[in-house]
Amino acid sequence: MLINNDTICAISTTSGQGAIAIIRISGPKSIKITNNIFQAYNKNKLTVKHVNKVMVGEIFEQDNLIDEVVVTLFKGPKSYTGEDIIEIACHGSTYIQTTIIQLLIKKGCRLAKNGEFTLRAFLNQKLDLSQAEGVAELIASENEKAHSLAMQQMKGGFSNEIKNLRDQFIKFASLIELELDFSQEDVEFVDRKTILKLIQKIKTKTSKLLESFQFGNAMKHGIPISIIGNPNSGKSTLLNTLLQEDRAIVSDIKGTTRDTIEEIINIQGYKFRFIDTAGLRKTNNKIEKIGIAKTYEKIQQSLFILYLIDKNDFISTSIEREIKEIQNKLNSQQTIMIIANKTDLYQKSIELKNLNNIKIINISAKNGNGVDQIINAILEKIKIWENMQDQIIIINQRHFESLINTLKSIKDVENGIKSNLSGELLALDIKHSLNYLGEITGEITNDNLLDSIFRDFCIGK
């Protein structure tokens, strides 16, 4: 399909100047092309005998010395791409890098496309598609947890889960296909109740993987935490205290915050995305109404909702009613916390008699007292939720969509069995399920899918 005999090259390190740069070459002519521009100090030509060994020497353009370099050969198929790979470690001058790349192209290389080294690794069965995407996730990871999840995917943890699900379905599909071969004899090779039990098992596993996506996506992009409450309850002050800078405008005038403000903080390996929102109140101001509508949008998108209460303006009945309305719209993975603010001004305690299992944290957003309790409560909840997950957490939108389609087709199979659907139609629904699972790991693929995945990779990876 996409495999060809081209030998490709690219700079694999970050563009610009640096101490060292790595130029990578992959393909059948890697050794030959390198020997055309490289002279080792020991006068030996680069050969397969130098596998996994480094050679020190110089790069020349005819008689013109370009740089002193270190060359490493990885012989296929025991290499990243499955082909012969050579890595040239040169000095990080942009001139040197560009000159060496131009030399390689003159001698027969082609400049690699985005992600082409990893694409070749996939096509040569060194990685499956999910693992290849894990490489991109790893490069993009910005915090400890995102890195950990990307490593899990790249090492094949998610792939193994999908392959196990698919293998179970293939066994089931083979029995149905066998029945079709003996359809005239009205033979049933597998009890339908047994099949339904297997389908239920697969459904449960698929559902758990889908449920993990919200958490995995939050680990990857930042755990969204909305700071909400009535005007002047201290939302912007709390954001500024968390950031330790004056990011949001603080004013005694109600309705100052008209739009959401988002900022990222890394704490204990987790990436938090705190969102300051417009104050919740009834208003005739059209712009403020738009801000309040955005607040409710952010509430639905957040894993944590911090409801700030001004202890001086506290009215339990209206607050309880509003919190209950918000609670009714949350899913099981979302958590709302009550933050009683302005303890520096008011010492009185607050009570919410009609709200169960909601923690009240007393703080002073202005001087920072109690703010660490908010962070600790969030971390505690995250770690509990993290421990409740299966070992595999999905972080990729494409995988999520494929699993959604898988679950839908599995339900079609289940309904078909319950309604005594013919074997031919049942086999068709099973095939759809297998295809959706196969799309994740690459058993089922096409050029358009591969192009859409690898075009977002770095050149040189």
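This is a short talk on the layout of one protein chain, from its sheets and helices down to a few single residues.

Hi everyone, thanks for coming. Before anything else, please keep in mind that what you see above is a predicted model. Let me begin with the overall picture. The chain has 461 residues, and 48% of them count as buried. Its secondary structure comes to 14 helices and 13 strands. If we take contacts between residues at least 6 apart in sequence, 67% of them join residues at least 24 apart.

Let's go to the open sheet near the start of the numbering. It is built from seven strands, ordered 3-4-5-6-2-1-7, and the pairing is mixed. Which strands sit at the edges? Those are strand 3, residues 38-40, and strand 7, residues 110-111, each of which pairs on one side only. Inside the sheet, strand 5 (residues 64-74) and strand 6 (residues 85-92) run antiparallel and are joined by five bridges. If you want a spot to click on, try V70, which stands opposite A89 in strand 6.

Two helices go with this sheet. Helix 3, residues 116-123, packs on it and touches strand 1 (8-11), strand 2 and strand 7. The direction of helix 3 makes about 135° with that of strand 1. Helix 1, residues 30-37, lies across strands 2, 3, 4, 5 and 6, and runs at about 80° to strand 3.

Now for some helix pairs. Two packed helices are described by the angle between their axes and the distance between the axes. Take helix 7, residues 192-221, and helix 12, residues 397-418: they pack at about 155°, with axes 10 Å apart. An angle over 145 degrees counts as roughly antiparallel, so that is the label for helix 7 and helix 12. Their crossing is left-handed. On the helix 7 side the contact includes I195, I199, L210 and F213, and on the helix 12 side F400, L403, L407 and I417 are among the residues they meet. Sorted by class, this contact has 14 nonpolar, four polar and five charged residues.

Helix 7 has another neighbour to show you, helix 5, residues 144-154. The axes of these two come within 7 Å and cross at roughly 125°, so helix 5 and helix 7 are oblique to each other. This crossing, too, is left-handed. From helix 5, the contact uses K145, A146 and L149, and from helix 7 it uses G216, M219 and K220. That divides into three nonpolar residues, one polar and two charged.

K220 also leads us to a charged residue worth a click. E137 lies in helix 4, residues 129-140. Is E137 buried or exposed? Its relative accessible area is 9%, so E137 is buried. Leaving out residues up to four places away in sequence, E137 touches A150, Q153, K220, I395 and N396.

Next, please scroll to strand 12, residues 335-341. Seven of its seven residues are buried, so strand 12 is largely enclosed by the rest of the structure. In a regular strand the side chains alternate between the two faces of the sheet. Here both faces are covered, with T335, M337, I339 and N341 buried on one side and I336, I338 and A340 on the other. Strand 12 pairs in the parallel sense with strand 11 (residues 304-310), over seven bridges, and in the parallel sense with strand 13 (residues 360-362), over three. I339 links the picture together: it is the bridge partner of L308, and it stands opposite I361 in strand 13.

L308 brings me to my last stop, L238, in helix 8, residues 235-243. At 0% relative accessibility, L238 counts as buried. Which residues does L238 contact beyond its neighbours within four places in sequence? They are I227, L306, L308, I363, A365, V371 and I374. A365 is a nice case: it is 127 residues from L238 in sequence, yet the C-alpha atoms are 4.7 Å apart. The rest of helix 8 is mostly covered too, with eight of its nine residues buried. Just after the helix, Q244 takes a positive phi of about 60°.

That's my tour, and I'm happy to take questions.

Technical notes:
Residues numbered from 1 in each chain as written. Predicted model: local features only at pLDDT ≥ 70, side-chain atom pairs only at ≥ 80, totals over all residues. Heavy atoms only, no water. Pairing = 2+ DSSP bridges. Helix = DSSP H or I, 4+ residues; strand = E, 2+ residues; numbered from the N terminus. Contact = heavy atoms within 4.5 Å. Axes fitted to C-alpha atoms, helices over the stretch in contact; angles between N-to-C directions. Parallel < 35°, antiparallel > 145°, perpendicular 65-115°, else oblique. Left-handed = near helix turned anticlockwise from the far one by under 90°. Nonpolar A, V, L, I, M, F, W, Y, C, P; charged D, E, K, R; others polar. Buried < 20%, exposed > 50% of the residue type's maximum accessible area, 1.4 Å probe, protein only.
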